[in-house]
Amino acid sequence: MKRAFLCLLLMLSSPALRGQADIEEETARRTEIIRVESALGEEERSVSGELSLDGSYDAEGALARLWDRFLQALLSSAKRELGFAWKLVMIAALCSIAGILSQDRRVTNFAEMAACCSAALLLAGSAESVIPEARDTLYRLSDYGKAAFPAFFLAVASCGASVSATVKYASVCFASNLFMELSQRILLPLISAYLSVGITLSLAGNAFLKAAERLLKWCIVTAMTLFTGGFCTYISLSGVISGSADAVAVKAAKSVISTLLPVVGGILSDSASTMLAAASVIKNSAGVFCLIAVCAICAAPFGLLLAKMLLLKAAAALSEMGSCDAYAGLLSTAGNAMGMLLGLVGCYGVMLFYSFMSGIRMAA
């Protein structure tokens, strides 16, 4: 009688008898997966949408809203920066006219130096607004990662990937903090130094400044490439190694339960499979939500930096037609600096994107 009562109690407490919806809702509460939504701002949340407790998520609608937000940010930034680019082109045109009207080389050099000084003032004011924007974006990405990573990797662990989730969570947190320190203390100051050297080079060009400009560009691009590539490679390798351990552990646990409890063991094993499947659904939906959330945070800064970079490159190309080599080089350097800021934000976004993607790819 006692054995029958125990079996009945275990069956009634089994998640498999409570319905799929109840299982998904309970799993979502246990993993606190709803935190991945509450960590977003109002603008980003309007793009990413809502994540239900049952794991359902309108990814197609979110992608459409994300694309609209990016295009809107790009077009509005282009319209706003078009006047700035037009001023730079007009300065180049005046410099070219001065060179055409005067045959004296000293007058031409003076006109080009005056053009570079005028452009330097405009670019310095623009950089004062763009660099803080990139820094704020990095902080928003970091804050969202700190809020979303614990809940997301807890959902990953609830799918049976406890070893992989622990390893990746520790790796992602360490790499995220390290990249933030690298960005704030080294990369952003180097980008500012690169722009400063470009301005100085346009006013007093020499071989040393040219070499310094190339060296700074190489250091910035190489550091971002190596860090991002190394992070993605490490996450992939750690996932392969720890994923095998997770699969063996889950299989062994189910086998032990079924063997030690001949009657109830099969029920508990099926219940565990149901719980893992429910957790996998929620984990995948939450992972897709996090991917779109990262893109939503990056959409507006990407549009701004991309518009600035393209307009500066276009202004540099038009300046070269007027034989203003130093002035065109200054605008090209400023465009490269905007591209580096874009790459810096993109690298951090890629790191977060790949972190969530690696969790989604873990099979239950």
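**Helical architecture and nonpolar cores of the predicted model**

Ser-355 makes contact with Phe-149, Phe-152, Phe-153, Val-172 and Phe-231, when residues up to four places away in sequence are not counted. The structure described here is a predicted model. Within it, Ser-355 belongs to helix 10, and the residue is buried, its relative accessible area being 1%. Helix 10 as a whole is mostly covered, with 26 of its 36 residues buried. The length of this helix is consistent with its residue count: at 1.5 Å a residue, a span of 52 Å is expected for helix 10, and its end C-alpha atoms lie 50 Å apart, which agrees.

The overall fold is helical. The chain contains ten helices and zero strands, so that its elements, read along the sequence, give the pattern α-α-α-α-α-α-α-α-α-α. Of the 364 residues in the chain, 46% count as buried. The exposed area of the chain is about 17900 Å², of which carbon and sulfur atoms supply 68%. Among contacts with a separation of 6 or more, 81% are accounted for by residues 24 or more positions apart.

The largest nonpolar core comprises 83 residues, and the members that touch the most others are Val-36, Tyr-144, Tyr-327, Leu-341, Leu-344, Tyr-348 and Phe-356. At least two residues of this core are supplied by each of helix 5 (59–101), helix 6 (105–158), helix 7 (162–203), helix 8 (207–260), helix 9 (264–321) and helix 10 (325–360). Helix 6 provides the largest share of this core, 18 residues. Apart from this core lies another, of seven residues, including Val-47, Leu-66, Leu-74 and Ala-299. In soluble globular proteins, nonpolar side chains tend to be buried together. The surroundings of one core member, Leu-341, can be described individually: with residues up to four places away in sequence left out, Leu-341 touches Val-130, Ile-131, Ala-134, Leu-188, Ile-191 and Leu-305.

The cysteines were examined next. The structure holds zero disulfides. Cys-116 takes part in none, and the nearest cysteine sulfur, that of Cys-117, is 7.0 Å away. Cys-116 counts as buried, at 1% relative accessibility. For Cys-298, the closest cysteine sulfur is in Cys-295, at 6.8 Å, which is too far for a bond; a disulfide would require the two sulfur atoms to lie within 2.5 Å. Cys-298 is likewise buried, with a relative accessible area of 7%.

Confidence varies along the chain. The mean pLDDT of the chain is 75, and 71% of the residues score at least 70. Among the elements, the lowest mean pLDDT, 38, belongs to helix 1 (residues 2–12), whereas helix 10 has the highest, 88. The pLDDT is below 50 over residues 1–31, a stretch that has 41 contacts in the model beyond near neighbours in sequence. Residues 245–250 also stay under 50 in pLDDT, and the model has seven contacts for them beyond four places in sequence. Where pLDDT is low, the predicted coordinates should not be read in detail.

Terms used. Residues are numbered from 1 along each chain as its sequence is written. This is a predicted model: local features need pLDDT of at least 70, side-chain atom pairs count only at pLDDT 80 or more; totals for chains, interfaces and linings use all residues. Side-chain values use heavy atoms; hydrogens and water are left out. Buried means under 20% relative accessible area, exposed over 50%, partly exposed in between (1.4 Å probe, protein chains only). Helices (H or I, at least four residues) and strands (E, at least two) are DSSP runs, numbered from the N terminus. Contact means heavy atoms within 4.5 Å. Accessible areas come from the Shrake-Rupley method with a 1.4 Å probe; for residues, only the protein chains shown count as cover. A nonpolar core is a set of buried Ala, Val, Leu, Ile, Met, Phe, Trp, Tyr and Cys residues joined through side-chain atoms within 4.5 Å. The expected span of a helix is 1.5 Å times one less than its number of residues. pLDDT is the predictor's confidence in each residue, from 0 to 100.
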